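Please work through the exercises below with the sequence and the model side by side. Each task is followed by a solution that goes step by step.

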Amino acid sequence: MRLAILAAVPLALAACGQSDDGMQTAETEGTAAPAATPSPPATAASPPAPGAAGIPEFGIPPALQGNWGLVAADCTSQRGDAKGLLRISATTLTFYESFGRLGTIKDRGDTSLRADYAFTGEGMEWTRDITLTVSADGKSLTRLDRGGEEVGGPFIYTKCPG
């Protein structure tokens, strides 16, 4: 009777989804692979430490972040018609009618970044390989797009005040 109960315990635990703390019986030894440890969700992961250049190993370098205008009026318009305004955050590019989320980083430095972006806008989705480079004085930004059907630049932006 005792043997029947002892033999039934691992089966009952397995049926309940519980572990037997690694104990195996002669019946199950070698037939089941150990359960994989689940990965923590992406949001629970801590960000990587800053790299050698002092910028995080993920995200858009701080020198590139901010508001940039193709013309001066893009920086000052209060009517919502700043069609040449580019807003750059740590992980996004926001244009007048589209929004790009940072994807794979291909090359980076303190004042430049080449990466893939996943865009959405006007009911469409697309990806684009974009290089962003800030001038030595930090007052202008050059954008060069690769791929896609649109003109690829270079586009020269001026840093908006503030």
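The exercises that follow deal with the sheet, the core, two chosen residues and the disulfide.

The model is predicted, so local features need pLDDT of at least 70, side-chain atom pairs count only at pLDDT 80 or more, and totals for chains, interfaces and linings use all residues. Residues are numbered from 1 along each chain as its sequence is written, and side-chain values use heavy atoms, with hydrogens and water left out.

**Exercise 1. The sheet**

Determine in what order the strands of the closed barrel run, and what sense their pairing has.

*Solution.* Begin with the terms: strands are DSSP runs of E with at least two residues, helices are runs of H or I with at least four residues, and both are numbered from the N terminus. Two strands pair if DSSP finds at least two bridges between them. On these terms, eight strands form a closed barrel in the order β1-β2-β3-β4-β5-β6-β7-β8, with antiparallel pairing. Neighbouring strands of this sheet are turned by 35° against each other on average, direction ignored, where the axes are lines fitted to C-alpha atoms and angles run from 0 to 180 degrees between N-to-C directions.

**Exercise 2. Strand pairs and hairpins**

For the pairs from β5 to β8, find how many bridges join β5 to β6, β6 to β7, and β7 to β8.

*Solution.* Take β5 and β6 to start with: they run antiparallel and are joined by ten bridges, and D116 has D129 in β6 as its bridge partner. Two residues lie between the strands of this hairpin, in which E122 takes a positive phi near 50°.

Next, β6 and β7 run antiparallel with six bridges between them; T133 is partnered by T142 in β7, and L132 stands opposite R143 in β7. The hairpin of β6 and β7 has five residues between its strands, and G138 there takes a positive phi near 75°.

Finally, β7 pairs with strand β8 (residues 155-159) in the antiparallel sense over four bridges, with R143 opposite F155 in β8. Strand β7 itself (residues 140-146) has a covered face of L141, R143 and D145, while S140, T142, L144 and R146 make up the uncovered one.

**Exercise 3. The largest nonpolar core**

Identify which residues of the largest nonpolar core touch the most other members, and which element gives the largest share.

*Solution.* A nonpolar core is a set of buried Ala, Val, Leu, Ile, Met, Phe, Trp, Tyr and Cys residues joined through side-chain atoms within 4.5 Å; buried means under 20% relative accessible area, exposed over 50%, and partly exposed in between (1.4 Å probe, protein chains only). The largest such core has 17 residues, of which I60, L86, I88, L93, Y117, L132 and L141 touch the most other members. Two or more residues are given by each of β2 (85-88), β5 (112-121) and β6 (124-134), and the largest share, four residues, comes from β5.

To look around one member, use contact in the sense of heavy atoms within 4.5 Å. Leaving aside neighbours within four places in sequence, the contacts of Y117 include I60, L93, W126, I130 and L132.

**Exercise 4. T92 and F119**

Establish whether T92 is buried or exposed, and how many Å separate the C-alpha atoms of F119 and T92.

*Solution.* T92 lies in strand β3 and is buried, with a relative accessible area of 10%. Strand β3 (residues 92-94) pairs with β4 (residues 99-108) in the antiparallel sense over three bridges, and T92 stands opposite R101 in β4. The side chains of T92 and S89 are joined by a polar contact of 2.5 Å, a term that requires a pair of N or O atoms within 3.5 Å, one able to donate a hydrogen and the other to accept it within protein, with residues adjacent in sequence counting only if both atoms are side-chain atoms.

F119, in strand β5, is buried at 5% relative accessible area. Its C-alpha atom and that of T92 are separated by 9.5 Å, the two residues being 27 apart along the chain.

**Exercise 5. The disulfide**

Locate which residues the disulfide joins.

*Solution.* With a disulfide taken as a pair of cysteine sulfur atoms within 2.5 Å, the structure holds one, which joins C75 to C160 with an S to S distance of 1.9 Å. The pair links distant parts of the chain, 85 residues apart, with C75 in helix α2 (residues 72-76) and C160 in the segment after β8. C75 is partly exposed at 29% relative accessible area, whereas C160 counts as buried at 9%.
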